[in-house]
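This report goes through one protein chain, from an internal cavity to a helix pair, the overall fold and two backbone details.

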Amino acid sequence: DPDDRPLLTEGGQRLAATPNAGGSSGLSEVFAYAQLARCEGATLLHTETEISYDGTGKITDMEVELDGHKIGVSVTRAQTYPLGETYPLDTATMLISRKLTDIQASTAHVSAQDHWDKQILAVLAYDGATADTVAQAWGMLDASVTADTIVVVTTTDGDDTFIYTNM
């Protein structure tokens, strides 16, 4: 709700006001950042269209500062359609594997000026069962895929359906 935007942190307001690089992930990025800012003290350094890369390829949703470190943050949503259906393990495995591979690719070509120390994959899960399935998928992946990425799974319990349905 645009009337609630003043309740966001300064970085959250900036993310909400800045067009992303495409797709329907804008609101999920705002919510992922809000959690990192309020719970971990992160500050927004760059939005996805502000991060500099050497060449073309996969990109990261935002760059934050956390405890003096530059951290890349990629965001994804874990849900089914229709919302509330059982989230299949093979779907979770494909999603998490793809996102972690994309993270490695974006890290490989981020410019020296924006180079981060680590990346976080922020997963917004529609409900607790979906979050459990994401955790199970994570546990099954090879260390070469999960290496050097922190995964944060947030359960919204369906209270924020607009995160999953915004276009």
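A cavity is a set of grid points where a 1.4 Å probe fits but cannot get out, and its lining residues have an atom within 4 Å of a point. The model examined here is predicted.

**Cavity**

One cavity of 30 Å³ or more is counted. The largest cavity holds about 50 Å³ of space. Its lining consists of Ala32, Gln35, Leu36, Ala122, Val123, Leu124, Val152 and Thr154. Two or more of the lining residues come from each of α2 (26-40), β4 (118-125) and β5 (149-155). In terms of class, six residues of the lining of the largest cavity are nonpolar and two are polar, while no charged residue takes part.

**Helix pair α1 and α2**

Two packed helices are described by the angle between their axes and the distance between the axes. For helix α1 (residues 10-17) and α2, the axes come within 9 Å and cross at roughly 170°. Angles over 145 degrees count as roughly antiparallel, and α1 and α2 are therefore roughly antiparallel to each other. On the α1 side the contact is made by Gly11, Gly12, Leu15 and Ala16, and on the α2 side by Glu29, Val30 and Tyr33. Four residues of this contact are nonpolar, two are polar and one is charged.

The two sets of residues divide by class as follows.

| Set of residues | Nonpolar | Polar | Charged |
|---|---|---|---|
| Lining of the largest cavity | six residues | two residues | no residues |
| Contact of α1 with α2 | four residues | two residues | one residue |

**Overall fold**

The protein chain contains six helices and five strands. Along the sequence they follow the pattern α-α-β-β-β-α-β-α-α-β-α. How does the radius of gyration of the protein chain relate to that of a compact globule? For 167 residues, a compact globule would have a radius of gyration near 15 Å, and the value for the protein chain, 15 Å, agrees with this. Taken along the principal axes, the box filled by the C-alpha atoms is roughly 45 × 40 × 30 Å.

**Backbone details**

Which form does the peptide bond from tyrosine 81 to proline 82 take, cis or trans? This bond is cis, with omega near 0°. Proline 82 is placed in the loop between β3 (69-78) and α3 (89-109). The other detail concerns aspartate 67, which is not a glycine yet has a positive phi of about 50°. Aspartate 67 is found in the loop between β2 (62-66) and β3.

Key
Residues numbered from 1 in each chain as written. Predicted model: local features only at pLDDT ≥ 70, side-chain atom pairs only at ≥ 80, totals over all residues. Heavy atoms only, no water. 1 Å grid on protein atoms, 1.4 Å probe; cavity = no way out; pocket = protein on both sides within 12 Å on 5 of 7 lines; lining within 4 Å. Points joined across faces, edges and corners; volume = space filled by probe spheres on them. Helix = DSSP H or I, 4+ residues; strand = E, 2+ residues; numbered from the N terminus. Nonpolar A, V, L, I, M, F, W, Y, C, P; charged D, E, K, R; others polar. Axes fitted to C-alpha atoms, helices over the stretch in contact; angles between N-to-C directions. Parallel < 35°, antiparallel > 145°, perpendicular 65-115°, else oblique. Contact = heavy atoms within 4.5 Å. Rg over C-alpha atoms; globule rule 2.2 N^0.38 Å.
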